[in-house]
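Trainee: Could we take a close look at a single part of this model? I'd like to go through it slowly.

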Amino acid sequence: MAKCIRCKLTIEDDSMMCPLCNGVLVRDEEEYLEAEKNESGIYISRSTTYPDVAPALRRIQMAIKIAIFAAVVAEVVSIIVNYYTYNGVWWSLIVGLVLAYGCFTLVYSFSTNRSLQRIINVQMFLALICMVALDNLMGYRGWSIRYAIPITLMAIPVGVVVLMIINVDNWQSYIMTEIAVTAICVILLLLQIIGVIKSSILLLIATLIAGTILAATILFGSKLVSDEIKRRFRV
């Protein structure tokens, strides 16, 4: 059993670092807990026992390995079936892209030291790329630019607002996602105006939604938002 002096935690697994502050743990062979009297004169522990999460992590890692193995088998089977039933479309590539995205999501989301904010941003960019790739694999009919991407860019800011409400003590940390979504919307809108991509009213709606939510966040949380942006950009 180990102990973090700073966080007053007792760690039951074999971790070398504190899961909260990442400080070095002190091994406590006697496994004692510091105590102090409460108002009733009863001794209570000043330390909080942190549960042994190693078994749960091992189960998650095993589940991820099984999922990746199943995805590889499914893709091999898809390629074989696609080869013997080929009718001009390599649909197995689409299946492979979807499976690869799912495996990456599992591995990345359950990796250590990944904040929810970072997971959302990486998944957002990867999802947008996958949509365009799928559209191209299917002959590029433009549905990714006209429908899929704008709808995704509408949903993300709304989801961020929900996360802000849930995590009200640290809501300002989601400002970077709002900035990223708004920037993507503006870039795509400019490409639409100059004729590089096809016109879509949904993209304009997505830009208005993202811009409005970002403006409201900056307006109502000016000091916290300013501090968060300075911290993120090392200003």
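Trainee: Is Tyr-86 buried, partly exposed or exposed? Please walk me through that part and what surrounds it.

Mentor: Sure, let's start with the ground rules. This is a predicted model, so local features need pLDDT of at least 70 and side-chain atom pairs count only at pLDDT 80 or more, while totals for chains, interfaces and linings use all residues. Residues are numbered from 1 along each chain as its sequence is written, and side-chain values use heavy atoms, with hydrogens and water left out.

Now your residue. Tyr-86 is partly exposed, because its relative accessible area is 42% (buried means under 20%, exposed over 50%, partly exposed in between, with a 1.4 Å probe and protein chains only). You'll find Tyr-86 in the loop between helix 1 and helix 2 (helices are DSSP runs of H or I with at least four residues, numbered from the N terminus).

Tyr-86 also belongs to a nonpolar patch on the surface, together with Val-72, Val-76, Ile-80, Tyr-83, Tyr-84, Trp-90, Leu-93, Leu-137 and Met-138; together they have about 1,100 Å² of accessible area. Such a patch takes residues with over 30% relative accessible area and no salt bridge, joining nonpolar side chains (Val, Leu, Ile, Met, Phe, Trp, Tyr) within 5 Å; a salt bridge is a side-chain nitrogen of Lys or Arg within 4 Å of a carboxyl oxygen of Asp or Glu. The areas come from the Shrake-Rupley method with a 1.4 Å probe. Helix 1, residues 54–84, gives the most to the patch, with five residues.

Next, the rings. The structure holds three aromatic pairs. In one of them, the ring centres of Tyr-86 and Trp-90 are 4.8 Å apart and the planes are at 35°, so this pair is tilted (rings of Phe, Tyr and Trp, using its six-membered ring, pair if their centres lie within 6.5 Å; planes under 30 degrees apart count as stacked, over 60 as edge-to-face and the rest as tilted). Trp-90 is partly exposed, at 39% relative accessibility.

For another pair, look at Phe-104 and Tyr-108, which are stacked, at 5.4 Å centre to centre and 15° between the planes. They sit four residues apart in helix 2, so about one helical turn separates them. Phe-104 is partly exposed at 33% relative accessibility, whereas Tyr-108 is buried at 9%. The other buried residues of helix 2 are Ser-92, Ile-94, Gly-96 and Cys-103.

Notes:
Helices (H or I, at least four residues) and strands (E, at least two) are DSSP runs, numbered from the N terminus. Patches are made of residues with over 30% relative accessible area and no salt bridge: like charges are joined within 9 Å, nonpolar side chains (Val, Leu, Ile, Met, Phe, Trp, Tyr) within 5 Å.
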